[in-house]
Each structure stands twice: as C-alpha cells, then as structure tokens.
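Below is a report on one predicted model. The text follows its salt bridges, sheets, helices and surface in turn.

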Amino acid sequence: MGVLVGCSAIFSASEAALFFLRPGDRRAMKRGSTADRVADQLLESPDRLLSAILFWNLVVNTAYFTLASICAIQLEKSESFGNTWALVFGIGSLLLLVFFGELLPKSIGVLVSRRFASAIAIPLSIAVRLLDPIMPVLQTANIVSRRLLWPNFQRESYLEINDLERAIQLSVSDAELLKQEQAVLNNIVLLSDIRVDEWMRPRTQFQALRPPVHLADLHGKDFRTGYLLVTEFKQEEISRAIRLTNVSELPARNIDRLAVPVLYLPWCTTVARAMERMTRLERDVAVIVNEHGETIGLLTIEDIFETIFNYAPSRSKRLLDENPIHYIRPNCWVVSGMVGLRQLSRRLNMELPKTHSITIAGVIQEKLQRLAQPGDQCQWGPFELRVLEYPYRGHMLVEITWNQTDKVTS
C-alpha cells in the first residue's frame, strides 16, 4: 500500500507539474537536456498525456483501495481488533491517499514544476507509450462522454465593448458592483488612448544588473517593479527579466539563466497595443525605447492591470507611493512634476490647454525652453506654474494656480 501511495503521488505531481509549465518554460526546455525535450514532446499531445496519467492513477488507486478493503475485512474478522479498528483503518487509509497521494504531491509539482517535469519525463513517456494500443478507445470514450454531458456546448462568440456594457447593466443588481464594473470597462477603453510613455516607469525608477548575476549581487538592490532586470553582457540595455513573485527559490550563482526575454516597444505605442503584443508573445515586461533606440522606461503587465482595475489609475501615485496632487487653497494645488496631464484634467475637471508634453514637468520645460530651477514661473493658458522644488535627485514639485478670469482654451 505504501508503494501504491508513492505511485499515486508521482502521477499526481506529474499532472500538476507538466500542465503548470508556462510557455516560457517550454521554450527553454526545447533547448534543454534530453529529459527537458521529452517533457516538451509529451505536452505536444495534451489529451493523450492527460488520459494516460489519469488512467494509471485510476489503476493505482483501485489497487490501493482493494488492498485497503481486504485489510479492513481481516481486521473486522479478527477477535483482537473488531469493527472499530476496521473503521479507523479504512478512514486512515483514505486520508493517507488523499493527502500523500494527491494534495501534497500536486502542491510540490506546482512549486518545482520545471524541475519535476524534467525528472519524471522519461519514465512517464514509457507509461504513456504502454497505453498507445488502447489510447483510441480512451479518446473515443472521452468524446462520447463530452457529447452526452454537453451536447449543445458552443464556443462563445466575440463580444464588443457595447455588448459587455449591456450585459453588465442587465445582470448586475448591486449598484456599487455595477459602478465598479463600469469603471473597469471605461479603463479598458482608455487603454487605446494612453501611450506607453505616459504610463511607463522612467529609466531612473528601476535598476538592472549585468550578467552573470549571483545571489550576493541582489543585496541592497531595489526591486519595486517586482522583476529582476538583466542587461546585455557588458552593456546597459535591458534584455531579460525574472518575475520574482513566481520564483520559489533562487540559485546562489547565475540567476540570470532563469530570465526570459523582454519585449521592445516604441514610445508612441498605445497601452492597448502593448497589452495585446505582451499577451500574444507571452511577455510580462516591455522596454520602452525612443526614436534613437535608447531605453527610456519600463512597462510591466502589472502596471497595465492596475490601469484596468483602479477607479482612478495614476502613474505618478504608483511610482511615488503617495498622492501626487494636493489641494492647498481655492484654485491652487501643489503637484508632482511627474503628474500626467490626462490625470490632472480629470482631477480638476477642466480641459487643459493644448501642448506636446504629457506631464507638468514637460510643460514647464516646454515653456522655459531650458531645465527648470526652484522659483521659476511661467504662464500656461489660465494657469500660473511655479517651481517649488527641483532636487538633483528627486521629483519636481510645482504650484499650479488657476486664474478664474481666463478661460481654458482647447
């Protein structure tokens, strides 16, 4: 029975590990060892692989419960133990298989999916090939069962934004929930209007390490982006990234081998287009470059999700971890120079003057035609801008005063 529990654990962990592999893991395994390539080949036919794993797991579990039943009957007939011990043995056998044969192995398989998949690939491939003679029968039974249980199941057609809004209005009775879902829809539509340079993290807001990267190199580094960024060899341009929240442990040396390539996008790309390409190419990090090909910022998939699921998404608040717009007195505010004009327009509920800049700091430099200094003032339509602080390392603080006698022009 102990051997059968071990076999059940192996099949359960194999199922979790192989089907938890991400596309990036599979791409790396295609170029890996023989075991890695075998694991990737098994996943080329997922239905065949899953049918084989479930079949062998069923055989093992049936044999286990057969032995458990025989032992329970013998205990029940025994004068020394009786019905009570037979019941305890039956319940204990069930819990033993559920925990050590199913729950614990699946958890381990998910945590070390790539390592376990590589270790089990070759013996599992043999187990799969042993079932090839009866595999057509298993697949036919699978198709028949699906048609009996879901005879009218059809693929959902593509929905437009208007269809989604209508569906929410008809299906949601909770006013607060309806407000939240409508805000999400509005933010999704807003993605097509926001450029990546408006929402990216500036180059000064993150650090990148040159390969080879060792564990000792990470001490004292800032990873507020949630990613370990790796540059090209002996260069400053970012080429790969590691999502730290997905890594259960890091090796002591050559951590950069775990990194996956990033996506490069020009500064004028919309966030909607960036999300579409990141999803299609399975990239979590996009490096934003200017017209000269130089890195000017970074956009992660988490930054995009924040845009979608926040009532009032704010790039500056995300980067500064504080409210970037402060009300001082009527018609007067102190804002961070990093505040985007789109966000400021929504906050003040005003239409701002036209400009080529996307932040308050950009407007000031556009008006002054030079780098700003504390005390500088300029007029921007009906607004008077005054630089309060501009430290060498830090964020510009600007006082904005609205002259009500002037009319905001478009």
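A salt bridge is a side-chain nitrogen of Lys or Arg within 4 Å of a carboxyl oxygen of Asp or Glu. The model is predicted, with local features needing pLDDT of at least 70 and side-chain atom pairs counting only at pLDDT 80 or more, while totals for chains, interfaces and linings use all residues. Residues are numbered from 1 along each chain as its sequence is written, and side-chain values use heavy atoms, with hydrogens and water left out.

## Salt bridges

The structure holds 17 salt bridges. Three of them are listed here with the N to O distance and the separation in the chain.

| Acidic residue | Basic residue | N to O distance | Separation |
|---|---|---|---|
| Asp303 | Arg201 | 3.2 Å | 102 residues |
| Glu302 | Arg243 | 3.2 Å | 59 residues |
| Glu44 | Lys30 | 3.4 Å | 14 residues |

Asp303 and Arg201 meet through their side chains in a salt bridge. The pair links distant parts of the chain, with Asp303 in helix α12 (residues 301–309) and Arg201 in strand β1 (residues 201–202). Helices (H or I, at least four residues) and strands (E, at least two) are DSSP runs, numbered from the N terminus. Asp303 is buried, with a relative accessible area of 2%, and Arg201 also counts as buried, at 7%. Buried means under 20% relative accessible area, exposed over 50%, and partly exposed in between, for a 1.4 Å probe and protein chains only.

Helix α12 also supplies Glu302, whose partner Arg243 is in strand β4 (residues 238–243). Glu302 is partly exposed at 31% relative accessibility, and Arg243 is partly exposed at 21%.

Glu44 sits in the loop between α3 (34–42) and α4, and its partner Lys30 is in helix α2 (residues 23–30). Glu44 is partly exposed, at 48%, and so is Lys30, at 44%. Both residues belong to a network of salt bridges that links Arg26, Lys30, Asp40 and Glu44.

## Sheets

Two strands pair if DSSP finds at least two bridges between them. One open sheet has 4 strands in the order β1-β8-β7-β6, with mixed pairing. Its edge strands are β1 and β6, each of which pairs on one side only. Strand β1 runs antiparallel to strand β8 (residues 295–300), and 2 bridges join them. Arg201, the salt-bridge partner of Asp303, has Leu298 in β8 as its bridge partner.

At the other edge, β6 and strand β7 (residues 285–289) run parallel and are joined by 4 bridges. Leu263 of β6 (residues 263–266) stands opposite Ala286 in β7. The side chains of β6 alternate along the strand: Leu263 and Leu265 point to one face and are buried, whereas Tyr264 and Pro266 point to the other and are not. Together with helix α11 (residues 271–280), β6 and β7 make a right-handed β-α-β unit. A crossover is right-handed if, with the strands pointing away from the viewer, the path from the first strand over the helix to the second runs clockwise.

Another open sheet of 4 strands has the order β2-β3-β4-β5, and its pairing is mixed. The edge strands here are β2 (208–209) and β5 (260–261), each pairing on one side only. Strands β2 and β3 (residues 227–231) run parallel, with 2 bridges between them. Ala208 has Leu229 in β3 as its bridge partner.

## Helix α4

Helix α4 (residues 46–77) has 32 residues, which at 1.5 Å a residue should span 46 Å; its end C-alpha atoms are 46 Å apart, in agreement. The expected span is 1.5 Å times one less than the number of residues. The buried residues of α4 include Leu49, Ile53, Val60, Tyr64, Ala68, Ala72 and Leu75. An α-helix has 3.6 residues a turn, so residues three or four places apart point the same way.

## Nonpolar surface patch

Phe65, Leu94, Leu96, Val98, Phe99, Phe100, Leu103, Leu104 and Ile108 form a nonpolar patch on the surface, with about 750 Å² of accessible area together. Patches are made of residues with over 30% relative accessible area and no salt bridge; like charges are joined within 9 Å, nonpolar side chains (Val, Leu, Ile, Met, Phe, Trp, Tyr) within 5 Å. Accessible areas come from the Shrake-Rupley method with a 1.4 Å probe, and for residues only the protein chains shown count as cover. Helix α5 (residues 83–111) gives the largest share of the patch, 8 residues. Leu94 is found in this helix and counts as partly exposed, at 41% relative accessibility.
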